[in-house]
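Welcome! Here is a short briefing to help you find your way around a structure that is new to you. Have a look at it first, and then read on.

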Amino acid sequence: MTPADESVLAGHLQELRRGTVVVAALASLRTPGYGYALLESLGRAGFEVDANTLYPLLRRLEKQGLLTAEWNTDESRPRKFYRTSTAGEDVLAALRTDWRSLDAAITDLA
C-alpha cells in the first residue's frame with residue numbers, strides 16, 4: 001500500500017470510529033467510570049480514542065441525558081464519574097440493533 005493509500009485508509013478508519021465511539025462509551029459506562037479510565041479501557045479493548053475526542057463527547061452525551069455524572073471529591077483530585085442513564089441504555093440498544101442490521105447488509109453485499 002502506498003503512503004497515499006494509507007492516508008486515505010486512515011481517514012476512512014477515523015470516520016468509522018467516530019461513528020462508533022458513542023456506542024463504545026455508552027456500553028462501557030454501564031459501569032460508572034471517569035474519562036481517563038474510559039480512555040484506557042477502550043484502548044485496551046483495541047478501540048483507540050483521542051482524549052480531545054472523548055471528553056467533548058462525554059459532555060455532549062451528558063447534556064443529551066444519555067449519561068449521568070457526579071463528582072467524586074473523596075480523593076485529592078476531584079473526578080467526574082459518568083454512568084449510562086436509562087435514556088442512554090435505550091439509545092445504546094437502538095444503536096446496537098442498527099449496527100447489527102448494517103453489518104448484515106454489508107455482509108450480504110460481499
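Three strands of this predicted model form an open sheet, in the order 1-3-2, with antiparallel pairing. Strand 1 and strand 2 (67-72) stand at the edges with a single partner strand each, so one side of each has no neighbour in the sheet. As background, the strands of a sheet pair through backbone hydrogen bonds, and they can do so in a parallel or an antiparallel way.

**The hairpin in the sheet**

- Strand 2 and strand 3 form a hairpin, and six residues lie between them.
- Six bridges join strand 2 and strand 3, and the pairing runs in the antiparallel sense.
- To follow this pairing on the model, start from Leu 67, whose bridge partner in strand 3 is Thr 84.
- You can then move to Asn 72, which stands opposite Arg 79 in strand 3.

**The protein as a whole**

- The secondary structure comes to four helices and three strands.
- Read along the sequence, these elements follow the pattern α-β-α-α-β-β-α.
- The C-alpha trace spans about 50 × 35 × 20 Å along its principal axes.
- Of the 110 residues in the protein, 24% are buried.
- The accessible surface comes to about 7700 Å², and carbon and sulfur atoms account for 54% of this surface.
- If you take the contacts between residues at least 6 apart in sequence, 49% of them join residues at least 24 apart.
- The protein has 13 positive and 15 negative charges, and the mean positions of these two groups are 6 Å apart.

**Helix 2 and its buried face**

- Helix 2 covers residues 35-44, and its buried residues are Gly 35, Leu 38, Leu 39, Leu 42 and Gly 43.
- Looking down the axis of helix 2, you would find these buried residues within an arc of 130 degrees, so they line one face of the helix.
- What do the buried residues of helix 2 pack against? Their partners are helix 1 (3-28), strand 1 (33-34), helix 3 (51-63) and strand 3 (79-84).
- Just after helix 2 comes Gly 46, which takes a positive phi of about 90 degrees.

**Phe 47 and its neighbours**

- Phe 47 sits in the loop between helix 2 and helix 3.
- Is Phe 47 buried or exposed? Phe 47 has a relative accessible area of 17%, and since the cut-off for buried is under 20%, Phe 47 counts as buried.
- Leaving aside residues up to four places away in sequence, Phe 47 touches Arg 17, Thr 20, Val 21, Ala 24 and Leu 42.
- One of these contacts, Leu 42, is also among the buried residues of helix 2.
- Another of them, Ala 24, is 23 residues from Phe 47 along the chain, and the C-alpha atoms of the two are separated by 8.3 Å.

**Thr 20, seen from helix 1**

- Thr 20 lies in helix 1.
- With a relative accessible area of 12%, Thr 20 is buried.
- Which residues does Thr 20 touch, not counting those up to four places away in sequence? Thr 20 touches Phe 47 and Trp 99.

Note on methods
Residues numbered from 1 in each chain as written. Predicted model: local features only at pLDDT ≥ 70, side-chain atom pairs only at ≥ 80, totals over all residues. Heavy atoms only, no water. Buried < 20%, exposed > 50% of the residue type's maximum accessible area, 1.4 Å probe, protein only. Helix = DSSP H or I, 4+ residues; strand = E, 2+ residues; numbered from the N terminus. Arc of directions from axis to C-beta. Contact = heavy atoms within 4.5 Å. Areas by Shrake-Rupley, 256 points an atom, 1.4 Å probe, with all protein chains shown as cover. Lys, Arg positive; Asp, Glu negative; His and termini not counted. Charge placed at Lys NZ, Arg CZ, Asp CG, Glu CD. Pairing = 2+ DSSP bridges.
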